[in-house]
Amino acid sequence: MALDPAEQHLRHVEKDVLIPKIMREKARERCSEQVEGMEVFYQMLQRLRAPYGIKMSEREFCLERLSNCLHYNDPAFYEECKLEYLKEREEFRKTGVPTKKRLQKLPTNM
């Protein structure tokens, strides 16, 4: 049974794992300044925690602050990443070569 390259049906793992992974990668690129700022802030909180006994959940606080920028709850962003995934999957089904390997440069001295 051959798979149709243009099929639009998504399996559970594609919906819940692979597309959110693309979303995280794209969001990190789009929001690199905010991510960097939150990492610095998180490191500062970790240093203060020991001497001053800060008991709040720093990681959850930082992730909540980033959620607006990272577009995790944006349906349009999910659809954009879903279409990108479907395009990559279709190309893989046609060629049999994963996108990452296809984009890597071949050695010049073969």
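L18 lies in helix 1, and we will start from there. The model is predicted, so local features need pLDDT of at least 70 and side-chain atom pairs count only at pLDDT 80 or more, while totals for chains, interfaces and linings use all residues. Residues are numbered from 1 along each chain as its sequence is written, and side-chain values use heavy atoms, with hydrogens and water left out.

**Exercise 1. Work out the helix and strand content of the protein, and the share of residues that is buried.**

Step 1. Take helices and strands as DSSP runs numbered from the N terminus (helices: H or I, at least four residues; strands: E, at least two). The result is 5 helices and 0 strands.

Step 2. Read them in sequence order to get the pattern α-α-α-α-α.

Step 3. Sort residues by relative accessible area (buried under 20%, exposed over 50%, partly exposed in between; 1.4 Å probe, protein chains only). Of the 110 residues, 21% are buried.

**Exercise 2. Classify L18 by accessibility and find the nonpolar surface patch that contains it.**

Step 1. L18 is partly exposed, because its relative accessibility is 30%.

Step 2. Build patches from residues with over 30% relative accessible area and no salt bridge, joining nonpolar side chains (Val, Leu, Ile, Met, Phe, Trp, Tyr) within 5 Å and like charges within 9 Å. Areas come from the Shrake-Rupley method with a 1.4 Å probe, and for residues only the protein chains shown count as cover.

Step 3. The patch consists of V13, V17 and L18, which together have about 190 Å² of accessible area.

**Exercise 3. Describe the largest pocket: its volume, its lining and the helices that supply it.**

Step 1. Set up a 1 Å grid over the protein atoms alone: a pocket is an open set of points with protein on both sides within 12 Å along at least five of seven lines, whereas a cavity is a set where a 1.4 Å probe fits but cannot get out; lining residues have an atom within 4 Å of a point. Join points across faces, edges and corners, and take as volume the space filled by probe spheres set on them.

Step 2. The largest pocket holds about 560 Å³. It is lined by 17 residues, and L18, I22, Y85, E88 and T99 are the closest to its centre.

Step 3. Helix 1 (12–30), helix 4 (75–95) and helix 5 (99–103) each supply at least two lining residues. Helix 4 contributes the most, with 6.

**Exercise 4. Find the salt bridges and say which parts of the chain R89–E14 and E84–K26 tie together.**

Step 1. Look for a side-chain nitrogen of Lys or Arg within 4 Å of a carboxyl oxygen of Asp or Glu. This rule gives 6 salt bridges.

Step 2. R89 and E14 meet at 3.1 Å, N to O. R89 is in helix 4 and E14 in helix 1, so this pair ties together parts 75 residues apart in sequence. Both residues are buried, and R11 joins them in a network of salt bridges.

Step 3. For E84 and K26, the closest N and O atoms are 2.9 Å apart. Here too helix 4 (E84) and helix 1 (K26) are involved, so parts 58 residues apart in sequence are tied together. E84 is partly exposed, at 28% relative accessibility.

Step 4. E79 and K82 form a salt bridge at 3.7 Å, N to O. They are about one helical turn apart because 3 residues separate them in helix 4.
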